Amino acid sequence: EQKKALEEEALENLNQAQKYALGFQSLRSEEVNLYYMVDGVFIDDGLEKGEAILLDVLENNPMLWDARLGLFRIYRKQGHLKKAVDVLEEGRKWPMPRGPFMVNVFVEMAKTYEQLGDNRKAQELIAQAKHWMNSYGQAR
């Protein structure tokens, strides 16, 4: 009961923030994170609600990588691996953020391609991740 009240309060706070910060789509991604965390615990349709929000966010701005990654995680959790990697592949035609974020995206994509049985694509993405790490001084 207390957890349900906390969820409702968090959603209300996010709704208030969205009213006053209309241009910040990242707030909607935070709402999705909340749905993702409580799916199956407090509500049964958290992933579906999150998916609808992120599809709307990406329709308005297809270059938002945090929304793409969120949608990827939802699809992967639902077992829709091909759909998950398609979301990220579609995003690759837009400018990609630099630094560790994209390295993580490449690694997540590689893991998913490996699960799909496409080891060649997985190795290609790992090579790209290593290239980005070297390009941005993150290699160790």
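Start by selecting helix α4 (residues 65–77) together with helix α6 (residues 100–115), whose axes come within 12 Å and cross at roughly 25 degrees. This is a predicted model. An angle under 35 degrees counts as roughly parallel, so α4 and α6 are roughly parallel to each other. Their crossing is left-handed.

Now show the side chains between these two helices. On the α4 side, pick Trp 65, Asp 66, Leu 69, Phe 72 and Arg 76; they meet Phe 101, Met 102, Val 105, Glu 108, Met 109, Thr 112 and Gln 115 in α6. Coloured by class, the residues of this contact are seven nonpolar, two polar and three charged.

Keep α4 on screen and add α5 (residues 81–91). The axes of α4 and α5 come within 7 Å and cross at roughly 170 degrees. Because angles over 145 count as roughly antiparallel, α4 is roughly antiparallel to α5. From α4, select Trp 65, Arg 68, Leu 69, Leu 71, Phe 72, Tyr 75 and Arg 76. Their partners in α5 are Leu 81, Lys 83, Ala 84, Val 85, Val 87, Leu 88, Glu 90 and Gly 91. This contact has ten nonpolar residues, one polar and four charged.

Next, hide α4 and α5, return to α6 and add helix α7 (residues 119–135). The axes of α6 and α7 come within 8 Å, crossing at roughly 165 degrees, which makes α6 roughly antiparallel to α7. This crossing, too, is left-handed. In α6, highlight Met 102, Val 103, Phe 106, Val 107, Met 109, Ala 110, Tyr 113 and Glu 114. They meet Asn 119, Lys 121, Ala 122, Leu 125, Ile 126, Gln 128, Ala 129, Trp 132 and Met 133 in α7. By class, there are 13 nonpolar, two polar and two charged residues in the contact of α6 with α7.

Stay here and zoom in on the rings. A search of the whole structure finds one aromatic pair. Phe 106 and Trp 132 form this pair, edge-to-face, with 5.5 Å from centre to centre and 75 degrees between the planes. The pair links distant parts of the chain, with Phe 106 in α6 and Trp 132 in α7, 26 residues apart.

Finally, colour the protein by pLDDT. The mean is 79, and 71% of the residues reach 70 or more. Among the elements, α5 has the highest mean pLDDT, 95, and helix α2 (residues 26–38) the lowest, 57. Where pLDDT is low, the predicted coordinates should not be read in detail.

Methods:
Residues are numbered from 1 along each chain as its sequence is written. This is a predicted model: local features need pLDDT of at least 70, side-chain atom pairs count only at pLDDT 80 or more; totals for chains, interfaces and linings use all residues. Side-chain values use heavy atoms; hydrogens and water are left out. pLDDT is the predictor's confidence in each residue, from 0 to 100. Helices (H or I, at least four residues) and strands (E, at least two) are DSSP runs, numbered from the N terminus. Axes are lines fitted to C-alpha atoms, for helices over the stretch in contact, and angles run from 0 to 180 degrees between N-to-C directions. Angles under 35 degrees count as roughly parallel, over 145 as roughly antiparallel, 65 to 115 as roughly perpendicular and the rest as oblique. A crossing is left-handed if the near helix is turned anticlockwise from the far one by less than a right angle, and right-handed if clockwise. Contact means heavy atoms within 4.5 Å. Ala, Val, Leu, Ile, Met, Phe, Trp, Tyr, Cys and Pro count as nonpolar, Asp, Glu, Lys and Arg as charged, and the others, Gly among them, as polar. Rings of Phe, Tyr and Trp (its six-membered ring) pair if their centres lie within 6.5 Å; planes under 30 degrees apart count as stacked, over 60 as edge-to-face and the rest as tilted.
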